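Please look over the structure shown below before reading on. The notes that follow take it piece by piece, beginning with a single pair of residues and then widening to the sheet, a pair of helices and a loop.

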Amino acid sequence: MPQPFHKPIGFIALLMSCLTLGNTGFLDPIGASPPVEPPTLVREFRGAWVATVANIDWPSQPGLSTEQQQRKLIELVDRAAALHFNAIVFQVRPASDALYASELEPWSEFLTGQMGLAPEPFYDPLTFAVEAAHQRGLELHAWFNPYRASHPAGKSQPSSEHVSHRLPQVVRSYGKYQWLDPGEAEAADHSLAVILDVVRRYDIDGVHFDDYFYPYPIKDEAGKPVPFPDDPSWNKSQQAGNQLDRENWRRQNVDRFIERTSIEIKAVKPWVKFGISPFGIWQPGVPESIRGFNAYASLYADARKWTKEGWLDYLTPQLYWEVESKGQSYPVLLQWWHQQNVHGRHLWPGNFTSRVGLKDRLWPAEEIVRQIETTRAQVGASGNVHFSFQAIQKNQGKIADALIEGPYAQAALVPASPWLDHPVPPQPVCEWKKEAGSANTLQLRLSDGKQPWLWAVQTQRGGQWQQQVVPGQKSQIPVDRSGQLPTLERIVVTPISRAGVAGPGIVVAVE
């Protein structure tokens with residue numbers, strides 16, 4: 001199995017020199033022929049949802065102490081890094097509440113057991129999560145539910161800061177839930193203000209929505225569909241001159257919110273990605289063999305339009321079916337979503353990894369491995385997102401073993417987003433620092449004195465190349481000269497920008 005990046009690099013002797021890589025290829029500092037040509041940097045999005053609603057993933061239960069919450073979160077990100085994941089999709093707003101310090105919405109009861117009650121001793125979980133992720137080279141995407149106002153798993157009374165008290169005129173009860181009415185301008189303004197507040201104040205890497213827009217339909221005791229109670233906003237729209245029918249008006253409400261979110265995120269921080277994980281079927285019959293729920297007609301979610309308009313930096317359709325499912329074929333759906341991606345943005349399908357190891361409807365771990373392989377085989381798709389992290393954390397059905405011993409054996413960079421506005425790092429400067437005993441330290445910095453987002457470190461041993469990903473905030477890489485490992489032939493170091501773009505690399509010569 002490939003060695004993880006935190007293990008020391010063995011070598012026999014080191015020539016203390018680094019060369020800048022030319023545009024025509026990698027120069028060999030020893031003068032060997034042919035010149036050094038390390039493989040293309042390995043890139044693949046490897047994300048996992050960390051759900052806080054109903055305490056699915058974190059924290060394990062409401063009301064844990066600050067120390068317990070922080071320890072569990074560190075265990076989570078350590079596990080993700082050790083398994084060569086490179087992103088966490090962290091749910092910060094499960095139901096118009098906050099897993100962070102907010103002046104716009106109350107503390108979530110899934111954190112402390114009481115809505116509006118802050119952690120004690122105080123800390124900010126989102127700040128803590130971002131810092132912990134970045135220290136391990138992981139991206140952190142803040143996951144928001146833009147319209148859900150309450151969840152039946154919540155047991156405490158809504159606090160006075162909750163939207164049901166602040167803006168009761170835009171909140172609708174629907175079954176066991178409360179919902180912000182997407183047709184109300186005040187509701188959209190409030191949710192967007194919440195999102196932009198997080199973008200401004202936290203060093204997140206992405207904003208993420210899941211598949212909830214208008215709610216999934218419910219039925220009454222007689223089995224008849226219950227209409228969503230948006231008569232007030234619908235009537236208001238007609239009085240204002242709306243000419244659309246109700247279904248297209250609802251889709252327009254969601255479309256406008258998605259477009260506004262996309263534009264305003266970039267106005268605040270142009271490098272922050274915006275992604276959505278819609279239900280995996282746009283409409284049944286599209287493609288022809290597909291059967292199932294109609295998200296376009298029932299959730300009023302036109303994910304195809306959002307993709308074609310270029311409002312998203314990445315799309316994560318929830319392909320929660322087996323590769324060989326007849327009516328919901330994973331490869332057929334994945335190919336169709338690729339065909340809609342006319343702007344060439346990221347396509348990172350979502351996988352129902354938590355189904356592995358379940359007693360009923362059991363999936364073997366090999367099913368998820370096959371889904372990853374299917375994603376890799378699809379032109380235009382470049383990664384996967386797993387729901388949810390608890391299955392991986394617990395090694396449910398040996399899924400973690402299957403990933404690290406198979407498709408995630410080598411570390412990978414997040415695919416580059418060159419359309420995002422973030423400067424490409426300049427060339428690195430390196431030098432060796434001799435230590436007592438068997439270790440030396442490779443010291444890295446950029447020529448402008450700043451830090452890159454990441455260092456991609458490629459090592460060659462016995463003619464074989466291995467990639468490691470090191471956080472840019474780490475300026476030293478320990479190097480072991482005990483001779484325990486095969487002879488180290490070369491090291492290539494490449495700085496990576498926040499948008500994932502590679503800067504000029506250097507070759508560290510070894511003789």
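**Briefing on the predicted model**

Phe-144 has Phe-209 as its bridge partner in strand E9. This pair belongs to a model that is predicted, and the points below place the pair within its sheet before turning to other parts of the chain.

**The sheet as a whole**

- The sheet is an open one, built from 9 strands in the order E14-E13-E12-E9-E5-E4-E3-E16-E15, and the pairing within it is parallel.
- At the edges stand strand E14 (346–347) and strand E15 (350–351), each of which pairs on one side only.
- As a general background point, the strands of a sheet pair through backbone hydrogen bonds, and they may do so in either a parallel or an antiparallel way.

**Strand E5 and its neighbours**

- Strand E5 covers residues 139–144 and is joined to strand E9, residues 206–209, by 4 bridges, with the two strands running parallel.
- Besides the pair named at the start, His-141 has a bridge partner in E9, and that partner is Gly-206.
- E5 also pairs with E4, again in the parallel sense, and here the pairing extends over 6 bridges; one example is Phe-90, whose bridge partner in E5 is Ala-142.
- How many of the residues of E5 are buried? The count is 6 of its 6 residues, and the strand is accordingly described as mostly covered.
- Both faces of E5 are covered, with Glu-139, His-141 and Trp-143 buried on one side and Leu-140, Ala-142 and Phe-144 buried on the other.

**Strand E3 and its neighbours**

- Strand E3, residues 45–50, is mostly covered as well, with 6 of its 6 residues buried.
- On one side of E3 the buried residues are Phe-45, Gly-47 and Trp-49, while Arg-46, Ala-48 and Val-50 are buried on the other, and both faces are therefore covered, given that buried means under 20% relative accessible area.
- E3 pairs with strand E4, residues 87–93, in the parallel sense over 4 bridges, and within this pairing Ala-48 has Ile-88 of E4 as its bridge partner.
- E3 is also joined by 4 bridges to strand E16, residues 383–386, and these two strands run parallel; in E16, the residue that stands opposite Phe-45 is Gly-383.

**Helices H1 and H3**

- Helix H3 lies across E4 and E5, and it runs at about 150° to E5.
- Helix H1 (residues 66–82) packs with helix H3 (residues 125–135) at an angle of about 30°, and their axes are 10 Å apart.
- Because angles under 35 degrees count as roughly parallel, H1 is roughly parallel to H3.
- The crossing of H1 and H3 is right-handed.
- The contact involves Gln-70, Leu-73, Ile-74 and Val-77 from H1, together with Pro-125, Phe-128, Ala-129 and Ala-132 from H3.
- Sorted by kind, the residues of this contact between H1 and H3 divide into 7 nonpolar, 1 polar and no charged.

**His-343 in its loop**

- Where does His-343 sit? His-343 is found in the loop between helix H10 (330–340) and E14.
- His-343 has a relative accessible area of 37%, so it counts as partly exposed.
- Not counting residues up to four places away in sequence, His-343 touches Thr-307, Lys-308, Glu-309 and Gly-310.
- From C-alpha to C-alpha, His-343 and Thr-374 are 22 Å apart in space, and in sequence they are 31 residues apart.

Notes
Residues are numbered from 1 along each chain as its sequence is written. This is a predicted model: local features need pLDDT of at least 70, side-chain atom pairs count only at pLDDT 80 or more; totals for chains, interfaces and linings use all residues. Side-chain values use heavy atoms; hydrogens and water are left out. Axes are lines fitted to C-alpha atoms, for helices over the stretch in contact, and angles run from 0 to 180 degrees between N-to-C directions. Angles under 35 degrees count as roughly parallel, over 145 as roughly antiparallel, 65 to 115 as roughly perpendicular and the rest as oblique. A crossing is left-handed if the near helix is turned anticlockwise from the far one by less than a right angle, and right-handed if clockwise. Contact means heavy atoms within 4.5 Å. Ala, Val, Leu, Ile, Met, Phe, Trp, Tyr, Cys and Pro count as nonpolar, Asp, Glu, Lys and Arg as charged, and the others, Gly among them, as polar. Buried means under 20% relative accessible area, exposed over 50%, partly exposed in between (1.4 Å probe, protein chains only). Two strands pair if DSSP finds at least two bridges between them.
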